[in-house]
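The following report describes the fold of one protein chain and then looks at selected residues in turn. Please read it alongside the sequence and the coordinates.

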Amino acid sequence: MTCMRRSLILFGLVLFIVGTFLGFYASQRNCLIAFITRGYMNFWTAMEILGGLVALAGIIIALIEFIKKT
């Protein structure tokens, strides 16, 4: 049972790292600012939003499993 929780914590951390990398890479194009100011949505804006959601999901998974572990 402990191995399953440890793997879910690692999975959450990997999701966080991948989502953060994807969000930062997509944000180099200032897409989110264009979306907020002009309502213009392109592929990189969607990737930036998706990266943020993946990072958020990773943090939530890791924290829930870490709290259950203690």
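Is E65 buried or exposed? In this predicted model, E65 has a relative accessibility of 11% and therefore counts as buried, since the cut-off for that class is under 20%.

**Overall architecture**

The secondary structure of the protein chain consists of three helices and zero strands, and the order of elements from the N terminus on is α-α-α. The radius of gyration of the chain is 15 Å, well over the 11 Å that the globule rule gives for 70 residues, so the chain is more spread out than a compact globule. Taken along the principal axes, the C-alpha atoms fill a box of roughly 50 × 15 × 15 Å. Of the 70 residues in the protein chain, 21% are buried. When contacts between residues at least 6 apart in sequence are considered, 66% of them join residues at least 24 apart.

**The packing of α2 against α3**

Helix α2 comprises residues 31-38, and it packs with α3 at an angle of about 105 degrees, the two axes being 8 Å apart. The two helices are therefore roughly perpendicular to each other, because angles of 65 to 115 degrees are placed in that class. By class, this contact has five nonpolar, one polar and one charged residues. On the α2 side the participants are C31, L32 and F35, which meet W44, T45, E48 and I49 in α3.

E48 deserves a closer look. This residue is found in helix α3, which spans residues 43-69, and it is buried, with a relative accessible area of 13%. Once its neighbours within four places in sequence are left aside, E48 is in contact with C31 and L32, and also with G23, A26 and S27.

**Other residues along α3**

V54 also lies in helix α3, and, with its neighbours within four places in sequence left aside, V54 is in contact with L15 and G19. The C-alpha atom of V54 is separated by 9.5 Å from that of G12, although the two residues are 42 residues apart along the chain. I64 has its place in helix α3 too, and its C-alpha atom is likewise 9.5 Å from that of G12, with these positions 52 residues apart along the chain.

The relative accessibilities of several residues in α3 are set out below.

| Residue | Relative accessibility | Class |
|---|---|---|
| E48 | 13% | buried |
| V54 | 24% | partly exposed |
| I64 | 42% | partly exposed |
| E65 | 11% | buried |
| K68 | 49% | partly exposed |

**The salt bridge**

How many salt bridges does the count come to? The count comes to one salt bridge, and K68 forms it with E65, the closest N and O atoms being 3.9 Å apart. That distance satisfies the criterion because a side-chain nitrogen of Lys has to lie within 4 Å of a carboxyl oxygen of Glu. The two partners are three residues apart in helix α3, which means that they are separated by about one helical turn. As for their surroundings, K68 counts as partly exposed because its relative accessibility is 49%, whereas E65, at 11%, counts as buried.

Terms used: Residues numbered from 1 in each chain as written. Predicted model: local features only at pLDDT ≥ 70, side-chain atom pairs only at ≥ 80, totals over all residues. Heavy atoms only, no water. Helix = DSSP H or I, 4+ residues; strand = E, 2+ residues; numbered from the N terminus. Buried < 20%, exposed > 50% of the residue type's maximum accessible area, 1.4 Å probe, protein only. Contact = heavy atoms within 4.5 Å. Axes fitted to C-alpha atoms, helices over the stretch in contact; angles between N-to-C directions. Parallel < 35°, antiparallel > 145°, perpendicular 65-115°, else oblique. Nonpolar A, V, L, I, M, F, W, Y, C, P; charged D, E, K, R; others polar. Rg over C-alpha atoms; globule rule 2.2 N^0.38 Å.
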